[in-house]
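Let us walk through this model one step at a time. Keep the picture open as you read.

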Amino acid sequence: MFYDGIGDDSVENYSKKDKITVITGTVGVDAHVIGTKIITRILQDEGFNAVGLGAQTPVEEFVKVAQETAADAVFMSSLYGMAEMDVQGIRAKFTEAGLGGILLYIGGILGVMKHDWREDEEKFKKIGFDRVYPPETDVRLAIEDLKKDLAFKAKMAAP
Ligand code: B12
């Protein structure tokens with residue numbers, strides 16, 4: 001695992017809580033790193049505290065860094081078609097770490113070969129993701145979703 005170190009929001013600064021913190025990275029042993037780096041950069045440009053874990057990041061590392069940074073969300077990528085295997089039990093792992101309420105989003109190319117993306121959406125939502133995106137989704141769409149989801153959570157938590 002390595003930190004992207006893009007911009008000034010690398011590991012040294014990641015504990016600051018004046019911004020919404022989003023962890024990014026490509027899960028499992030997937031080496032595709034370009035998309036997640038772009039996502040990290042866009043999040044930072046949009047004012048988020050984005051912590052980029054880069055490629056080949058095990059779920060446990062996402063959990064550990066999310067805990068250390070009190071993260072609000074994870075934007076997880078997977079391109080090589082093995083995501084289903086890599087993320088089994090992910091929601092339980094976050095919950096065990098005291099992060100049951102964290103928003104988990106995943107995108108990239110989640111299945112192997114051409115197939116109906118809605119099957120992926122159903123499958124990954126069952127696994128515990130809040131949002132599942134088809135290939136080549138513009139991350140700005142997910143950022144808009146994140147703002148809505150955080151606002152909804154805040155409303156639910158209000159007395
Ligand atoms: C470059 C590339 C590689 C490079 C990766 C270099 C690197 N360090 O990143 C190398 C040569 C190493 C490689 C290896 C392999 N690759 Co490759 N690779 C590609 C290729 C051509 C481009 C990927 C890329 O960088 N795209 C550009 C970035 C900017 O786009 P992106 O990753 O899709 O991300 C954007 C969006 O999807 C979105 N997004 C991504 N994640 C998320 C998450 C969220 C939450 C949201 C909202 C949005 C989002 O935002 C990103 C930014 O715009 C694709 C083909 C393709 N057209 O996708 C194949 C492809 C992904 N590779 C493939 C395969 C099979 C492999 C290998 C298994 C090949 C092999 N037999 O060894 C290995 C995997 C090795 C491993 N351990 O991972 C397949 C996957 C097939 C599948 N899923 O069914 C593809 C689709 C090629 C193909 N048509 O068969 N690959």
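Two strands count as paired if DSSP finds at least two bridges between them. The model here is a predicted one. In it, five strands form an open sheet, and their pairing is parallel. Read across the sheet, the order is E2-E1-E3-E4-E5. Strand E2 (49-52) and strand E5 (131-132) are the edge strands. Each of these pairs on one side only.

Now turn to E3. Five bridges join E1 to E3, and the two run parallel. Here Val22 stands opposite Ala73 in E3. E3 also pairs with E4 in the parallel sense, over six bridges. Met76 has Ile106 in E4 as its bridge partner, and Ser78 stands opposite Gly108 in E4.

How many residues of E3 are buried? Six of its six are, so a residue of E3 has 20 or more other C-beta atoms within 10 Å of its own. Ala73, Phe75 and Ser77 point one way from the strand. Val74, Met76 and Ser78 point the other way.

A helix joins the picture too. Helix H2 (residues 59-69) lies across strand E1 (21-26), E2 and E3. H2 runs at about 165° to E1.

Last comes the ligand. It is surrounded by 27 residues. The closest are Gly35, Ser77, Gly81, Gly107 and Ala142. Four elements each give two or more residues to this shell: helix H1 (34-45), strand E3 (73-78), strand E4 (103-108) and helix H6 (139-157). By class, the shell has 18 nonpolar, seven polar and two charged residues. Ser77 links two parts of this tour: it is a buried residue of E3, and it is among the residues closest to the ligand.

Notes. Residues numbered from 1 in each chain as written. Predicted model: local features only at pLDDT ≥ 70, side-chain atom pairs only at ≥ 80, totals over all residues. Near = placed C-beta within 6 Å. Nonpolar A, V, L, I, M, F, W, Y, C, P; charged D, E, K, R; others polar. Contact = placed C-beta atoms within 7 Å. Axes fitted to C-alpha atoms, helices over the stretch in contact; angles between N-to-C directions. Buried ≥ 20, exposed ≤ 12 C-beta atoms within 10 Å, placed from the backbone.
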